[in-house]
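Me: I've got a structure here that I'd like to talk through with you. Can I fire some questions at you as we go?

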Amino acid sequence: MKVKVIRRVFQLAVLAVLIAVPIYTQNPIEWAPSRIALGELPPPRVSQVWGDTWSFSFYGINITHPLAALEAILAAKVVYLPLLMATLLPLAITLLLGRVFCSWLCPVGFLLELNQRLRGFLREKGIAKDVKLRDYRYHLLGFTLALTFFFATPVVSAFDPPHVFGRELFYLFTYHSVSLGGIALLIGIFAFETLASERAWCRSFCPAGGLLSLLGAKRLIKIQKKKERCVLCGECNIACPYNLRPVELGIDKDFNDKTCDNCGLCRDACPAGALYYTIRR
Amino acid sequence: MRLSRRSFIRSSALLWLGFFGFKMRREVPVIRPPGATSDFLARCIRCGKCGEACPYDSIKFFDISAGANVATPYIDPLETPCYLCLKRTSEGKDEPLSDYLLCGEACPTGALKKIKNDRDTLLSLPDELKMGISVLNRDICLAWQYDSCGECYYNCPLRDDAMLDYPPNEVITGAVGIRPYVNEKHCVGCGMCNYVCPVNEKIAKATVEPGRKLTYFEERYAAMVRNVIGKAGREVKLPAVRVVKRV
């Protein structure tokens, strides 16, 4: 079975949650002073499920993105214990499985993956270009964390794309409007990605992904290759969205551990079935 | 050390970005949700959960034009005031909806403190956790001028503690109706009075076209509202009771 199928189920589930939560929590009744004055208050809507990929609550269980917690701590210079508890689950997942958030859960990553068809089409027509970009994620992470610390304001929290995406959905369903900045950012990322460089945000700019990469560098689950099966066709190199070279696994053991997000696209692409997930020894 | 033009541009761009960040970081005089700490802007991770938790969708969020305040929550009492997580029963009584104020319960970082949702806790809330305070301008207040209002008093969620129907320690001759008085000690600044006050722009400017059904407020207060505003002059701040930030 292809990993991609399971991955799509996860990604669609996240998308469904991001749409369902704001619909579930919104109060469809409009306020009107005249009605209040007559003693009618709109009926309240109490829910226990809130949030998106940045921070999520389910009946008292909190899950918060490690970068969100790090920013709050650096900006406020206070450690709030419930916040640390909320990061335990994502930290454990990232430490064991790598930055699977990016490939298995992130809604923007999902939409950008789907966007590859459009990009491929435009490239054939000669409209879309291939801009070579290096990996600036760690520089951006350091820079934003410094800003957060010195100006005492969480920075990535304001523009992290999957969070902005969830936030805009929430604004859309609850206030029937979207915020200009968020939509401009998402359109900008999609346009740049389509016309200039494949998976540019995920690959070169995302500070949140950068932090998860650092956390997942020593992960337990990783891709490995059965050398005797490999036919050196290079299909896996083409499939990898991060321009890693799975074909060199085992030959040149310097496989980019930090960048790989265990998406399994190389494993799916391999015609010989040489690539597989393994537990690091 | 030689500095090439390229690296100079790069490093000065970083400086500019930092400067920009500094310019953008400003506290805005705005009503935050209840329980907002003094270092709110530093602690808030813009997750938006307070807005989702709010049972009346009273909490709104800033757009990019608010600089560093982007996606932080605020309450605009003229549009949707905070009703302190109470529900109004069919008998007209107010009952708590939840054990804690829901926005504070939803906040993952403690930027909004968790506040117990009962009257005693709210009445003894420390000043720095309150949203603001109501200020009443007696010169344009219909209750004070014409003895004919009292919406703010009737709709106050902490009625008889935060909003009194008569000022204590004051003797007013010829008083018949309600004379609303904000008790600074107990007012949490939820904005309900601000919201229901009929002395507002909308009613002052409302022109009644034939065929349109009058709202309750227009029918009852419009003439008086134009009167008091006319007397007080154009510069007067509306409505008669406003929520401002505590200092």
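Me: How many residues does the hairpin use to join S1(A) to S2(A)?
Reply: Keep in mind that we're looking at a predicted model. S1(A) covers residues 49-51 and S2(A) covers residues 55-58, and they pair in the antiparallel sense over three bridges. The hairpin that links S1(A) to S2(A) runs through three residues.

Me: And which residue takes a positive phi in the hairpin of S2(A) and S3(A)?
Reply: S3(A) is residues 61-64, and S2(A) pairs with S3(A) in the antiparallel sense over four bridges. There are two residues between these strands, and the one with a positive phi, near 45°, is Tyr59(A).

Me: Phe56(A) in S2(A) stands opposite Gly51(A), but which residue of S3(A) stands opposite Phe56(A)?
Reply: S2(A) pairs with S1(A), and S2(A) also pairs with S3(A). Gly51(A) is the partner from the S1(A) pairing. Over in S3(A), the residue opposite Phe56(A) is Ile63(A).

Me: Let's go to the core. Which helix gives the most to the largest nonpolar core?
Reply: That core has 112 residues, and Cys103(B) and Val199(B) touch the most other members. The top helix gives eight residues, and it's residues 66-76 of chain A: helix H3.

Me: Leaving aside neighbours within four places in sequence, which residues is Cys103(B) in contact with?
Reply: Contact here goes by C-beta atoms within 7 Å. With those sequence neighbours left out, the list is Pro33(B), Pro34(B), Cys50(B), Ala53(B), Cys54(B), Ile59(B) and Leu112(B).

Technical notes. Residues numbered from 1 in each chain as written. Chains lettered and ligands numbered in written order. Predicted model: local features only at pLDDT ≥ 70, side-chain atom pairs only at ≥ 80, totals over all residues. Core = buried A, V, L, I, M, F, W, Y, C linked by C-beta atoms within 7 Å. Buried ≥ 20, exposed ≤ 12 C-beta atoms within 10 Å, placed from the backbone. Contact = placed C-beta atoms within 7 Å. Pairing = 2+ DSSP bridges.
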